[in-house]
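This report covers the geometry of selected elements in the model below, along with the division of the chain.

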Amino acid sequence: MSLVKYEILNKVAEVHSFTKAASILGLTQSAVSHAVSSLEKEFGFNLIHRNRTGVTLTEDGMKMLYEMRKVLLAEEHLQQTASNIIGVSQGTVRIGLISTISTHWMPNIIHIMDSQFPGIRIELREGDYYEIEQWLLQGEVDCGFLNRTSSKQFEFMPLKRDPLLCIVSSHSPLYDRAEIDLFEIEDTPIIMPSYKGTNDVMTTFEKYGVFPNIRFELYDEKAIVSMVEHNLGISILPEMAISMLPDTVKALPLVQESYRILGLSTKQKLSPASQKFVEILKQWLENEEH
C-alpha cells in the first residue's frame, strides 16, 4: 500500500496539483488527497503546502520524496528483472533530452524500441542541460542527454562530436567567407545562445581568449536564427541545431577547433529496461555512422 502512496505523492510533486495527479493516475481527487494525508499522518509531519495556485512540497517533503523515488525505482528494477528472467522485456525508461536530440534521434530510436521491445514504455522529458542534470540528481529521469556532466554520481557516455558553426546573413560582410576566425568577430554583434548549465559557445570563446560583443542572449535556436536572418547580429550554434536554415542565412565553419560533445548520462546502476535503451541507442548511432 505504501508504494501506491509513494507513487501518488510523486505524481502530485511533478504536476503541483491534486486534480491533475488524479486525472493522470485514474483516481479521484479525494483518493489522492487522502493518500497524501495518510502519509503525513504516518510520518508525523507535513509533506506539502496547499495554496490557491497549486501544491508544492515542503522541505521535509522533498527529502522524503527523494527516498520514496529510490523505493519506487527499486520496485521497478525488481519487476523488470523478473520479466527478463522469463524472457519478457518490460518496464519504463524515463529520458531527459534536449530539443536537437528529440528532433534528430529519438523518432528513429523509439520506432526500433517499439518494434523490438513492445513491453518497454518510453517517457520523454525535454529541457536544457541544467534541468536534465537536476532531474537525474533528483531521480526524475533514468538517463539524460547532456553535453557533459560534472557530477560523479553519473556515468557519461560520449556519443557525438557536434561542430559549432558561425551563422551569418546574406547582408553580412562575412557571408562570402569560407570560414570564420573567432578573433575577427570579437567586435561583431553576436546573438548568444543562453543555455543553462555548460554553455559550449561561451566555453569556446573563453578557451581561445576571445571576448564576444554580445548584443542579445536567447534560449530558442529558431529565434536566434531569425535574429541573424534580419541582420541583427551573427551567432554560433551547434550543427545539429541548424539543420534547416533560411535561404538568406549561411552556416560557416570556424578556424578554431570548436564543437560540443553530446552524450548520455546515466545512473551508476541502470534498470534492465534502461540497459535495452542504451543498447539500441549505441547500435543506431553505429549504423548512422556507416
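In this predicted model, helices α1 and α2 are oblique to each other, because their axes cross at roughly 125° and angles that are neither under 35 degrees, over 145, nor 65 to 115 count as oblique. Helix α1 covers residues 2-15 and helix α2 covers residues 18-25, and their axes come within 8 Å. The crossing of α1 and α2 is right-handed.

On the α1 side, the contact involves Glu7, Ile8, Lys11, Val12 and Val15. These meet Phe18, Lys20, Ala21, Ile24 and Leu25 of α2. Sorted by class, the residues of this contact comprise 7 nonpolar and 3 charged ones, with no polar residue.

The chain also contains a strand pair. Which sense does the pairing of β1 and β2 take, parallel or antiparallel? Strands β1 and β2 pair in the antiparallel sense, and 4 bridges connect them. One of the bridge pairs joins Asn51 to Gly54 in β2. With 2 residues between them, β1 and β2 form a hairpin.

The helices and strands named here have the following residue ranges.

| Element | Residues |
|---|---|
| Helix α1 | residues 2-15 |
| Helix α2 | residues 18-25 |
| Strand β1 | residues 48-51 |
| Strand β2 | residues 54-57 |

At the level of the whole chain, the division gives domain 1, spanning 1-86, and domain 2, spanning 163-259. Taken over C-alpha atoms, the centres of domain 1 and domain 2 are separated by 44 Å.

Terms used:
Residues are numbered from 1 along each chain as its sequence is written. This is a predicted model: local features need pLDDT of at least 70, side-chain atom pairs count only at pLDDT 80 or more; totals for chains, interfaces and linings use all residues. Side-chain values use heavy atoms; hydrogens and water are left out. Domain bounds come from an automatic or database domain assignment. Axes are lines fitted to C-alpha atoms, for helices over the stretch in contact, and angles run from 0 to 180 degrees between N-to-C directions. A crossing is left-handed if the near helix is turned anticlockwise from the far one by less than a right angle, and right-handed if clockwise. Contact means heavy atoms within 4.5 Å. Ala, Val, Leu, Ile, Met, Phe, Trp, Tyr, Cys and Pro count as nonpolar, Asp, Glu, Lys and Arg as charged, and the others, Gly among them, as polar. Two strands pair if DSSP finds at least two bridges between them.
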